[in-house]
Amino acid sequence: MTETTESHTPLWWKSAIVYQVYPASFKDSTGNGSGDLRGITSKLDYLKALGVDIVWLCPIYKSPLADMGYDITDYQDINPAFGTLVDWEDLRDEIHKRKMKIVMDLVVNHSSDEHPWFLASRSSKADPKRDWYYWRPARYIDGVRKPPNNWRSVFGGSAWEWDEITHEYYLHVFAKEQPDLNWGNLELRHAIQDMMTWWIKRGIDGFRLDAIVCISKTPGLPDGAITEPDQEYQLAREHMINGPMLHPYLQELYAKTLDGHDLFTVGEVNLCTLEDAFKYINQDQDSKELQMIFNTEHLDLYGGFDTGTPPPRDLPRFKTAISTWQTWMHEHGGWNSLFLENHDHPRSLIRFMSEVPEYRQLCAKALALTLCTLSGTLFIYQGQEIGMINLPREWGIDEYLDIATQNWYKEQLVKRQKETGETSPDMSDNSGLPMQWDASLNGGFSTGKPWMRAGQDAELCNVEKQEADPNSVLNFWRKLIHLRQESQLLVYGAFEQIEFPGAENAVFAYIRRLDDKAAFVAVNFKEETAVLDIAPLSFKLGNLIIGNYGEVTSTAPLRLSAYEGVLFELAV
């Protein structure tokens, strides 16, 4: 399928380059050890030079930071740790001045347990906001008080927390400090819609909707299926995500807030089929919802998000996941989000290739080439463009401040003690390491003591050093982004995976086609050299457009050295 369908009509958000900022770890402008809005503003020229179109901010709202801002106490104000609304307005204006856009994380599956809504809700069973959250009486088994059902929180333990004030349980799919909002309450939905409209009027350019797949639960909140017989609580995904009212809620949200505005929208939607994914993003349906979703199938293949050891690398399954979504979305008029890193996952080098010094730059460039030559909207997580890596494995658990990591560690500790007697599970950070700007103290992130310990390799891996090196990872990213911005083929073209006998477990290769243009991509995910026999195929390689080795050693056959990636024109 080479033609451009109506659904593939070029749109600004399809070709956009999105840069995700984790504000606490990006740039500190005050020396207090925490990143802030003025720090972000000071680095906008850097982002513009990279080729960024959209700056996506992780949550900066008022919050007690039980989950790094994903627990919100005031949706219409800024956490003082990051600055003020005036600082946000300055950032917005400076972003717009550079012809970029600002997108913010919106967390509306749950609030903080310190939000005024929840404080009112828990104050009395008769309070008008009681039904804005999920409250249920206890179950009693043999006289012992138990939660209303067997659901397990994503962060471990029961998804229910007992409240001594009204003697009922409240639901929290995530941390106990994050009670779930009851979208079945019309007044609650109106409050969310009013809040979003408030931000739109202030000049925001879009939203990333966190955990949006969870806003509708199965009516009656029944017990989940017993999938782990040795566990008291079950991760009842069949009841906590993709509920029956999910799409009606999103369609209402679009109609009441987004319709009539040229905004950017992406939803965090994991664990869904292609057909289900399409329901969110079908731009041709009468009731619209979102433009794209985050699908993590290609990341989930590589183990849990907190595993620090190199995971088993099943490249064929990874290729199948990517290829399936690329092909299906193109044929049905859908749209993909392209990402290998974000704030919830370890850095990509350890997951997909290698972060050893000998190959680190080659691997970072090879993964960049893979990402930039696929169809979809491109997302870059801060530091990915210079090849940042995870925290050293020898660092203790006290260095990990993210609630998901802490809870995971406790669960793994108990599990390993039971199974093997080991007391120290492998760890990795979820990409909260401070950004490495230069070789100075704390990598140039802060002149004070960082809220999270700075990395140990900033002297080797930093923005200042890489800007001065034409062969750096950073400048390779810039070249790729420029190529992508100049090529409708790479953004909108059809996708065709190519397999080479003997290299199925090492090489990811594919062709991109649009009208009378075509390109060939091949990336070696292994340290061993891969030999690809092009001769039997129905195409001939043209000019090398870009490669992470600079030049190729041979094209007949095509020999890919360790972690080599190439992009060729195809003679058609």
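Among contacts in the protein between residues at least 6 apart in sequence, what percentage join residues at least 24 apart? In this predicted model, the answer comes out at 70%. The chain that makes these contacts is built from 16 helices and 22 strands.

On to burial and surface. Of the 572 residues in the protein, 60% are buried. What is left open to solvent adds up to an exposed area of about 22500 Å², and carbon and sulfur atoms account for 50% of that area.

Then there is the inside. In soluble globular proteins, nonpolar side chains tend to be buried together. Here, the largest nonpolar core takes in 160 residues. Y19, L57, W199, F207 and W477 are the ones with the most contacts inside this core. Helix α12, spanning residues 360-372, is the top contributor, putting 9 residues into the core. The core also draws on both assigned domains: at least three of its residues come from domain 1 (17-114 + 181-222 + 233-478), and at least three from domain 2 (494-571). A second core, separate from this one, holds 20 residues; among them are A518, F520, L541 and L558.

Finally, the cysteines. A search of the whole structure turns up 0 disulfides. Two cysteines can be placed by their accessibility. C214 has a relative accessible area of 5% and so counts as buried, the cut-off being under 20%. C461 is buried too, because its relative accessibility is 3%.

Conventions. Residues are numbered from 1 along each chain as its sequence is written. This is a predicted model: local features need pLDDT of at least 70, side-chain atom pairs count only at pLDDT 80 or more; totals for chains, interfaces and linings use all residues. Side-chain values use heavy atoms; hydrogens and water are left out. Helices (H or I, at least four residues) and strands (E, at least two) are DSSP runs, numbered from the N terminus. Buried means under 20% relative accessible area, exposed over 50%, partly exposed in between (1.4 Å probe, protein chains only). Contact means heavy atoms within 4.5 Å. Accessible areas come from the Shrake-Rupley method with a 1.4 Å probe; for residues, only the protein chains shown count as cover. A disulfide is a pair of cysteine sulfur atoms within 2.5 Å. A nonpolar core is a set of buried Ala, Val, Leu, Ile, Met, Phe, Trp, Tyr and Cys residues joined through side-chain atoms within 4.5 Å. Domain bounds come from an automatic or database domain assignment.
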